[in-house]
Amino acid sequence: MEINIGRVIEQFNLMSNVGANTNGGITRLALSQEDKEARDLLVSWMKEIDLEIRIDDVGNIYGRREGTDPEAKPIVLGSHLDSIKNSGKFDGTIGLLSALEVVRVFNENSINSKRAIEIVNFTNEEGIRFYPLMVGSGVLSGDFDIESVYEEKDKDNKRFIDELKAIGYLGEKNNRLKEAEAYIELHIEQGPVLFEEKIPIGVVEGIMGLTWLDVTITGRSDNSGPTPMYVRKDALCTAAKMVLTIQDSAKDIGERSITTVGKFNVSPDSVNTVPGEVRFSVDIRDIDTHRKNKGVQLVIDRLKKIAREDDMQINIDEEWSMDSIVFSEKITEDIAKAASYYGYPQKHVVSGAGHMTTYMNKVCPTAMIFVPSIEGKSHCPEEESDWEDINKGGNVLLDVVRNLAE
């Protein structure tokens with residue numbers, strides 16, 4: 001059996017019109033009218049393939065195809081429809097449309113699986129309009145309290161709960177997914193590895209753990225003209241050394257470790273003033289939590305050493321930390337076997353980005369299938385994946401689901 005990629009493309013084109021921007025991107029912020037329109041379209045497609053619809057109290061949408069054994073735990077497939085501002089069309093959407101196609105193939109071939117199949121659209125994956133990100137899956141795992149989520153406000157002071165009601169997707173707590181045999185998500189890689197190596201299938205082993213640091217360097221602000229170089233306490237010069245040290249530290253942490261300085265603020269930010277204070281972020285990631293934690297301490301020690309040498313004050317706060325996620329060995333093996341069955345080249349990879357599987361991994365065994373992102377581009381209007389690769393990813397998903405559901 002294989003999926004019909006033409007049907008996936010047809011639905012993709014329709015969904016891409018929702019929240020479309022003039023530059024080819026989309027904007028579907030969580031709980032916006034664009035999100036509502038996308039949700040309504042998804043629900044209409046779920047009904048077309050006879051899925052039983054339910055909505056839970058955080059707005060997650062479920063479409064269930066019943067199995068022959070009502071006591072058996074379901075196989076869950078899913079992703080998200082919300083986006084960041086001016087994002088790409090493929091992120092999240094491909095996972096949901098491929099899941100719909102899997103059910104259509106089951107229906108057309110009269111496959112009566114033992115286990116039910118549930119497709120889930122998770123609420124607020126991106127966390128752009130309302131914090132935190134990945135709320136829909138985080139509520140299911142117990143990491144987020146629903147009442148606290150309800151009280152979150154956007155920049156216009158609108159509450160999560162009010163906006164959820166406004167779009168008509170406030171459901172019941174008893175509709176939440178309570179248990180599952182497995183959760184599997186097909187997703188674009190959002191990075192360049194598979195594309196550069198011309199490999200269509202990424203067998204994802206897990207998600208990198210991360211730690212975010214907030215670093216403040218304090219020197220002394222002086223008028224640049226009258227202040228000789230030898231007496232300056234230039235916080236920017238010290239921070240520049242630190243940024244290069246952070247970049248160089250990645251290779252000392254681990255082979256696949258990642259370090260990033262993404263935010264950088266200089267004060268007083270004047271052309272004729274010696275910078276007296278610099279504040280910047282540090283993002284440290286690794287698939288091994290222990291190695292990541294050692295890497296964090298390595299970076300902190302190196303930054304403090306530079307501060308001492310330059311006679312600067314330094315303050316380092318940990319903003320956020322998350323352990324790495326290791327996916328189900330059995331399901332990842334099933335994915336690899338399915339790719340081999342179809343004759344598709346494959347590569348075992350790890351995800352540097354977070355996904356719903358971060359929290360779903362606490363609910364049930366999880367796994368992900370990656371397909372290449374052209375030139376590694378994502379979260380931008382230029383985001384694109386080749387339909388031939390998506391077709392292969394969909395076939396792998398189909399084979400894995402059939403084996404797990406029967």
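**Exercise 1.** Is D35 buried or exposed?

*Solution.* The model is a predicted one, in which local features need pLDDT of at least 70, side-chain atom pairs count only at pLDDT 80 or more, and totals for chains, interfaces and linings use all residues. Residues are numbered from 1 along each chain as its sequence is written, and side-chain values use heavy atoms, with hydrogens and water left out.

Step 1. Locate the residue: D35 belongs to helix α2 (residues 33-48). Helices (H or I, at least four residues) and strands (E, at least two) are DSSP runs, numbered from the N terminus.

Step 2. Apply the cut-offs: buried means under 20% relative accessible area, exposed over 50%, and partly exposed in between (1.4 Å probe, protein chains only). With a relative accessible area of 2%, D35 is buried.

Step 3. List its contacts (heavy atoms within 4.5 Å). Apart from neighbours within four places in sequence, D35 touches L29 and A30.

**Exercise 2.** Determine the setting of strand β16 and its pairing with β5 and β6.

*Solution.* Step 1. Strand β16 covers residues 366-371, and 6 of its 6 residues are buried.

Step 2. The side chains divide by direction: T366, M368 and F370 point one way, while A367, I369 and V371 point the other way.

Step 3. Two strands pair if DSSP finds at least two bridges between them. Strand β5 (residues 182-188) pairs with β16 in the parallel sense over 6 bridges, and I184 stands opposite A367.

Step 4. Strand β6 (residues 201-207) runs antiparallel to β16, joined to it by 3 bridges; here V204 stands opposite M368.

**Exercise 3.** Compare the span of helix α3 with expectation, and place S98 within its surroundings.

*Solution.* Step 1. The expected span of a helix is 1.5 Å times one less than its number of residues. For the 16 residues of α3 (residues 93-108) this gives 22 Å, and the end C-alpha atoms are 23 Å apart, which agrees.

Step 2. Because 14 of the 16 residues of α3 are buried, the helix is largely enclosed by the rest of the structure. Just after α3, S110 takes a positive phi of about 50°.

Step 3. S98 lies in α3 and is buried, at a relative accessible area of 2%. Beyond neighbours within four places in sequence, S98 is in contact with L186 and L397.

Step 4. A polar contact is a pair of N or O atoms within 3.5 Å; within protein, one must be able to donate a hydrogen and the other to accept it, and residues adjacent in sequence count only if both atoms are side-chain atoms. A polar atom of the S98 side chain lies 2.8 Å from the backbone oxygen of I94.

Step 5. S98 and H187 are 89 residues apart in sequence, with 9.6 Å between their C-alpha atoms.

**Exercise 4.** Which residues surround S79, leaving aside its neighbours within four places in sequence?

*Solution.* Step 1. S79 is found in strand β3 (residues 75-79). Its relative accessibility is 0%, so S79 counts as buried.

Step 2. With sequence neighbours within four places set aside, S79 is in contact with G92, G95, L96, V120, N121, F122, Y183, E185, H187 and M356.

Step 3. The side chain of S79 makes a polar contact with the side chain of E185 at 2.7 Å. A polar atom of the S79 side chain also lies 3.2 Å from the backbone oxygen of G92.
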